[in-house]
Amino acid sequence: MFVTGHTRLGSSADLPQGQQKAASIRDVAQAAGVSYQTVSRVINGHPNVREETRKRVQEAITVLGFRRNATAFALASGVNRSITVLTSNTLLYGYAATLQGLEEASRAAGHTLGVRVLTPEDDLDRTIASAADTGGGLVVIGFDRLGAAALDRVPAHVPCAAVVEAPPPGSSPGLPAVWADDREAARAATAHLLALGHDTVHYVAIPASTGSRRSVGPRAEGRRQALESAGVAVPEPSGKGWDAQAGYEAGKKLARNPEATAILCGNDDLALGVLRALHHAGRRVPEDVSVIGFDDAPHSAYVTPSLTTVRMDFQGLGRAAFGLLRTRLDTGQHAPTAPPAEPALVLRESAGPRRT
């Protein structure tokens, strides 16, 4: 049994109704008659706590309505629970959804999450060193060349996990990483268009995370593999960016090619630009040209025509990356989270049979 009625100057009991201060880890320790280090061990499931003491602490937590604040807990216990994400973009759907998954997983585990946006002007070594100084570990989103370059520079002693493009078959990144098989997904999307009777499939590419050619990258490679397996021509990829404007510019050129009846786009933003360019050129979708996007961004189901696309579980990638990092931070105590769902082709209105 313990007593919660004792107060001290400035305690929550002295505050007006509705303005009570949240209980701290030290409040729990005082109420249970233990040290705050003992409370820390109970919260984290440490085995070296007597069962009687554990019950007393848990009762104090319940009565006080204690909810652990990650920042305050780190200061009080000396345990660093801050994670820093390095990314070059926070606006594009794939990046934003990955960050959402990371935030959800870190919050549920009582960690704080900070985001450092990389720019081409950054001194990457200095940026990484500054982020690593927080001591809680790094997550790198390596979907592009800048993110991949940052990942290559993370020192081996720094706890780190990454979300990356699918690596070449038979290889893997040099540190814990998660990815979706977008190479196979692009192959399947291309095969679907060929099965609809199209002679070949043009590609509007996203920038690759390595190299400088549009033909490099798992999505470009998957499309090429499908075309080569079918024994058909492999048109040179087009596109110079990630957004709808880049898709529009590439789409204007493709719209002038009467033999371009099927287009695979590296993401849904590019596909939106392509749809607009085809509309301005008077080419109907899917009657004259079929278009497939990639990622299944939320807006893709609500454009006209609705966009056939490849669904990617970016939130799952973020959660899985946090699981990998947490495993390294707490070796032997926590298992990685479940792997993300495999990419899947979502059939809507923008792709159909070739009309002769």
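This briefing walks through the fold, two helices, one buried threonine and some salt bridges of the protein above.

You're looking at a predicted model, where local features need pLDDT of at least 70, side-chain atom pairs count only at pLDDT 80 or more, and totals for chains, interfaces and linings use all residues. Residues are numbered from 1 along each chain as its sequence is written, and side-chain values use heavy atoms, with hydrogens and water left out. The protein has 12 helices and 10 strands. These elements are DSSP runs numbered from the N terminus: helices are H or I with at least four residues, strands are E with at least two. Of the 356 residues, 47% are buried. Here, buried means under 20% relative accessible area, exposed means over 50%, and partly exposed is in between (1.4 Å probe, protein chains only).

**The overall fold**

- Take the contacts between residues at least 6 apart in sequence: 67% of them join residues at least 24 apart. A contact means heavy atoms within 4.5 Å.
- Five strands make an open sheet in the order β2-β1-β3-β4-β5, and the pairing is parallel. At the edges sit β2 (112-117) and β5, each pairing on one side only.
- Two strands pair if DSSP finds at least two bridges between them. For β3 and β4, the parallel pairing runs over five bridges.
- Want a spot to look at? V139 stands opposite A161 in β4.
- Helix α7 (residues 145-153) packs on this sheet and touches β3 and β4, and its direction makes about 145° with that of β3. For that angle, axes are lines fitted to C-alpha atoms, for helices over the stretch in contact, and angles run from 0 to 180 degrees between N-to-C directions.

**Helix α12**

- Helix α12 covers residues 314-329, and at 1.5 Å a residue its 16 residues should span 22 Å; the end C-alpha atoms are 23 Å apart, which agrees. The expected span is 1.5 Å times one less than the number of residues in the helix.
- Plenty to find inside: the buried residues of α12 include F314, L317, A320, F322 and L325.
- What do the buried residues of α12 pack against? Their partners are β1 (82-87), α5 (93-108), β3 (138-142), β4 (160-164), β5 (177-178) and α9 (218-230).

**Helix α8 and what follows**

- The 14 residues of α8 should span 20 Å at 1.5 Å a residue, and the end C-alpha atoms are indeed 20 Å apart.
- Among the buried residues of α8 are D182, R183, A185, L193 and L194. Their cover includes α9, β7 (262-265), β8 (290-292), β9 (309-311) and β10.
- Just after α8, G197 takes a positive phi of about 100°.

**T200, a buried threonine**

- T200 is in the loop between α8 (182-195) and β6 (202-204).
- Is T200 buried or exposed? T200 counts as buried because its relative accessibility is 11%.
- Leaving out residues up to four places away in sequence, T200 touches L194, L227, V232, A233, P235 and A262.
- With A233 there's also a polar link: a polar atom of the T200 side chain lies 2.6 Å from the backbone oxygen of A233.

**Salt bridges**

- The count comes to 13 salt bridges. Each one is a side-chain nitrogen of Lys or Arg within 4 Å of a carboxyl oxygen of Asp or Glu.
- R107 and E103 meet in one of them, at 2.7 Å from N to O. These two are four residues apart in helix α5, so about one helical turn separates them. R107 is exposed, with a relative accessible area of 53%, whereas E103 counts as partly exposed at 30%.
- R354 forms a salt bridge with D199, with the closest N and O atoms 2.4 Å apart. This pair links distant parts of the chain, 155 residues apart: R354 is in the segment after β10 (344-346), and D199 is in the loop between α8 and β6. R354 counts as partly exposed at 32% relative accessibility, and D199 is partly exposed at 48%.
- K252 and E249 meet in a salt bridge too, at 3.3 Å from N to O. They are three residues apart in helix α10 (residues 244-255), so about one helical turn lies between them. K252 is partly exposed, with a relative accessible area of 33%, and E249 is partly exposed at 33%.
- Salt bridges that share partners join D182, R219 and D295 into one network.

Notes. A polar contact is a pair of N or O atoms within 3.5 Å; within protein, one must be able to donate a hydrogen and the other to accept it, and residues adjacent in sequence count only if both atoms are side-chain atoms.
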